[in-house]
Structure formats: C-alpha cells, structure tokens
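Let's take a walk through this structure together, starting at the ligand and ending at a group of aromatic rings. Have the 3D view open as you read.

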Amino acid sequence: MRAALAVFSSGNAPPLQPPRICILGGGFGGLNTAVKLDGLVWPEGTKPQITLVDANERFVFKPLLYELLSGAAGEEEVAPTFEKILRPTSVSFVRGQVESVNDGPATGPEASSGGSVTLKGGALLSYDWLVLALGSEPRDAGVPGVKELTHGFTSYEDVLALRGALVALAGNPAPRAVVVGGGYAGVELAAVLADVLPPGAAVSLLASGSDILPAAPAGQRQIAREALAGKGVRVVTGRGVGGGVRAHPRPRRGASGSAPFPTDAGGATQTDATLRVLGHPHVFALGDVAVCAEGAGSPGSGVSAPPRLPATAQVALQQADYVAWNLWAAATGRPLLPFAYQHLGEMMSLGSRAGAVTLPLPIPPALADAARGAALGPLLRAAGLSVHGDGSGAPDRLSLEGPLAAAVRRAAYAYRQPTPEQQARAAADLAKRALGDAAGLARSFLDQAAKGLKSGAR
Ligand SMILES: Cc1cc2nc3c(=O)[nH]c(=O)nc-3n(C[C@H](O)[C@H](O)[C@H](O)COP(=O)(O)OP(=O)(O)OC[C@H]3O[C@@H](n4cnc5c(N)ncnc54)[C@H](O)[C@@H]3O)c2cc1C
C-alpha cells in the first residue's frame, strides 16, 4: 500500500517550480550576486528566474569614475549597460525605481515564503527570494549649500556634469577648484582634476583631520602626499567644512523605508553572519546597504558577527559570492556559510597615469631593511616599489606607485568586471590604451632624440 501510494504521489506531484529571485540594485553587490547565481548548478527543474532591478540603465564601476573623467577609461569599461553585461546570462533586467517592499511574515498563521516589490509607476514584482543591494547615498554632513552649489562625484551622471562644467571653464586661464574631503575619494579627485585642468589652474584639497588619508596605510599616505605636491595641489589640513565631513556614506533607505526590515541607527539593514536579513529568512542584504548586527552570529554555528566593515566595492564583491552561495543553499536545503571578509589591500588612482597600491603581504624585517638600504632602496623606488611601516610594530608592507601601480590597479579592475565577456572587453580596451601610450612615449622619445641630433649637427 505504501509503495502504491509512493508511486501515486510521485506520478501526480506538481512539477517543481523554479524559484523567483528578485535582486534590488545592480551595483557591485547586486549585479555580481545575479551573475554568480546564474552560474551555479541547480537541481533539475529548479534553475531560478533571476530578475535584477535598477533605477539606471548602466552598471557603474565606481572606482574607475576618475578615469572616466580624465578619458583614461571609456564608457565600455566604466559604465556598460546592464543589457550588454547580462546578454550572455539568463538574468532578466528590469529598469525601475524601487518604491517599497512587502515581505510576507516569516511565522504565524499568515506566514509566507516571499513577497512583492513595488516600482515607481505601480508595477509589481513577486518574489520567493529577495536580495537587497541598493547601495548608499552621499552625505552632505548637514552643511548648507552642499547639495545646491557643489558637484558630487559618486555617479556616472556626476562625471558627465563635471565634464560639462570643465568644458564651460575652457575660456578661463586660471580656474580654481576646491575638493572637500581628505579621504580616498577626495585625494583621487584632486589628483585627476590637477591633470585635466589647464596648467594655470589652482586645485586645493581640504581635509578636516591633521593629515590626508587617515585610514590608509602609511606608505600609501606618503606616496599620495608626494604625488599631490608634484601636481601642485594645495593640501589644507585641519579644516572641516561646516559640521565636518563624515567618512561613512548613508545606506540607501529606498526599499527599507516602507519595508519591515530591521535597521541600525545609521539606517543600514541588519543581517546575521550569513547575510540573511534578521527575521526575514527569504531576504538577503549586502554591500553598502547592509550591516551585520551586533551579536547576530550565524544561527547554530557559534560564529559571532564580524566587526563593521567599510563601505567598499571590495566588501560588496566578496559578499556577493556568499549571498549567491547561501541563497542557493537555503533554496536547496543545505547549510549556510557565515561571511568571512578577507582584506586584499588598498588601491588608489593618483591622476590619469599614476596610482598607489599597498599589498596585504607582511614583509619580513630582514627583507624590509634590505629594501630600504642604500644599495637597493633607490633602485626599487625608481621602479615604483617601496616598503613602509606604520610605526605600530606591525609588519612592514610593500607599496607600488606611479605607472606600475596604475597598471596593476587597472589590471585588477579588469579582472573584477562582472562577466568573462566584460572582463575581455575591459582588458582589450586597456591593452589598446597601453599600446597608444607606449606609441606616444616612443614618438616623443624619437622627437626628443631627433631634436638632439639636429642641435648637435648645427
Ligand atoms: C568615486 C568612488 C570611488 C570609489 N572607489 C572605491 C575603490 O577604489 N575601492 C573600493 O573598494 N570601493 C570604492 N568605492 C566604494 C564602492 O563603489 C561602493 O562601496 C560599492 O559600489 C558598493 O556596492 P553596492 O552594490 O552596495 O552599491 P552600488 O554599487 O552603489 O549599487 C547600488 C545600485 O542600486 C541602484 N539603486 C539605488 N536605489 C535604487 C532604487 N530605489 N531603485 C532601483 N535601483 C536603485 C543604483 O542605481 C545602483 O546601481 C568608491 C565609490 C565612489 C563613489
């Protein structure tokens, strides 16, 4: 009888429904989660329908916005359309502004395993699993006039607007630019402005602390100071504007404003260590919008919450791997993994053709001493390599600078593009530009040599 029942039930069971996964926000966190989920192997018949929602038509590789401004990188690499990136995948893209989320209660008589998202204009998207990756919005630190009178530098549109403003300055022989904020973004922007503005321009950088780059490794800070000085950027320290400028951007409340997700005092959506939103087992959150709640370890794993992580692409990218894996695990009844962040070092641009990269590898003291020595030190520095300590007794670290650092950074970013096709496009663009640069250098070298020969012949 049992066997007969089993045959009966398997023969008439409703076909497995592929789960509907809705990902809100197509930045580093959301887009990479979508692509990774699409690449995972799902049990037969359960490959999910993945929908990525973003208010804009382009993914923006924000760390390369400086290169977009200077022309050292093009739109293909910095701001490709979602349509183009997702073409080789089965992910659907919906362009729309998320207005609210209605997530069903996880427990109780009305318990449900999903919910719906409302977009501006009223369109409704139903989901079985939701991923929140709406990023953050820039802070104005409550300073009057910041929104109305200054240029922001956080989006593709900001770069277009700034480019327009630079074109409008064309007739001005001595334009002045002031960059507020002595962190990574301020230093990188000041350096690129010094490159793109005419030679008579004055670029100043205001830092509220006693030095620029307070969170950077010592070597990188020193390299940046020297690079800014070399470009003639005036660095003014100890000058906050109005209430000062805070380092952490504000997590975007776009969806959580009318969704029942728990947030911390800063508005970040709280997750457990597996990046599941607290109290919402079908919702994950990552990137700038998310924070792992204090004491919210992975349920049953004995793992406690990691310390608050910086709002960086590096964090969002690593979290995307975990969210994709954990969502797959939750949907297929497997155990979830607690997120473990691995710091991979710091990279920054210092103008169109220079950068600073500090690798996370500790350098043994004997090697560090040799690298600083009179014999090897100048040679390494000329090649763009140096060893720095921060005076705290922690091991010294290796820093790269100049064109070498710029090349390493660009290659790393080409590798960090979301799909193999996009990686290939970025690498090809990079190679084309590098060849152009090499040809330009060779031409100017030959011109110089020819001039030298002519003047010698006279
Ligand atoms: C100029 C600049 C330089 C940076 N450089 C570095 C760097 O060198 N290294 C580093 O690690 N980090 C860097 N960062 C930080 C990094 O870019 C962010 O931490 C990262 O983008 C966060 O990823 P995310 O997925 O959380 O959000 P984002 O990448 O910001 O993506 C959020 C997405 O959500 C969409 N969205 C927002 N609200 C809505 C809504 N209501 N409806 C629909 N869509 C919506 C947005 O359009 C966007 O596409 C930089 C940031 C900036 C601005």
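Start at the ligand, which has 28 residues around it; those that come nearest are Gly-29, Asp-54, Lys-62, Val-98 and Asp-288. Keep in mind that you're looking at a predicted model.

Now zoom in on the oxygen atoms of the ligand. Gly-29 puts a backbone N or O atom 2.8 Å from one such oxygen. Asn-56 uses its side chain instead, with a polar atom 3.1 Å from an oxygen of the ligand. For Thr-312 we're back to the backbone, where an N or O atom lies 3.3 Å from a ligand oxygen. How much of the ligand does the protein bury? On its own the ligand would expose 990 Å², and the protein buries 88% of that.

Next, which helices build the shell? Helix H2, residues 28-39, and helix H10, residues 313-331, each give at least two residues to the shell around the ligand. H10 supplies the largest share, three residues. As for chemistry, the shell holds 12 nonpolar and 12 polar residues, plus four charged ones.

From here, let's turn to the aromatic rings. Searching the whole structure turns up eight aromatic pairs. One of them is Phe-28 with Phe-59: the ring centres sit 5.4 Å apart and the planes meet at 75 degrees, so this pair is edge-to-face. An angle over 60 degrees is what earns that label. The two partners come from distant parts of the chain, 31 residues apart: Phe-28 belongs to helix H2, while Phe-59 sits in the loop between strand E2 (49-54) and helix H3 (65-70).

Are these two rings buried or exposed? Phe-28 has a relative accessible area of 10%, so it counts as buried, given that the cut-off is under 20%. Phe-59 is buried too, with a value of 0%.

Phe-59 has another partner as well. Its ring and that of Phe-61 have centres 6.3 Å apart and planes at 80 degrees, so this pair is also edge-to-face. Phe-61 is at 1% relative accessibility, and therefore counts as buried.

Put the rings together and you get one aromatic cluster, formed by Phe-28, Phe-59, Phe-61 and Tyr-413. If you'd like to trace the route back, Phe-28 lies in helix H2, and H2 is one of the helices that supply residues to the shell around the ligand.

Technical notes:
Residues are numbered from 1 along each chain as its sequence is written. This is a predicted model: local features need pLDDT of at least 70, side-chain atom pairs count only at pLDDT 80 or more; totals for chains, interfaces and linings use all residues. Side-chain values use heavy atoms; hydrogens and water are left out. A residue is near a molecule or strand if one of its heavy atoms lies within 4 Å of it. A polar contact is a pair of N or O atoms within 3.5 Å; within protein, one must be able to donate a hydrogen and the other to accept it, and residues adjacent in sequence count only if both atoms are side-chain atoms. Accessible areas come from the Shrake-Rupley method with a 1.4 Å probe; for residues, only the protein chains shown count as cover. Helices (H or I, at least four residues) and strands (E, at least two) are DSSP runs, numbered from the N terminus. Ala, Val, Leu, Ile, Met, Phe, Trp, Tyr, Cys and Pro count as nonpolar, Asp, Glu, Lys and Arg as charged, and the others, Gly among them, as polar. Rings of Phe, Tyr and Trp (its six-membered ring) pair if their centres lie within 6.5 Å; planes under 30 degrees apart count as stacked, over 60 as edge-to-face and the rest as tilted. Buried means under 20% relative accessible area, exposed over 50%, partly exposed in between (1.4 Å probe, protein chains only).
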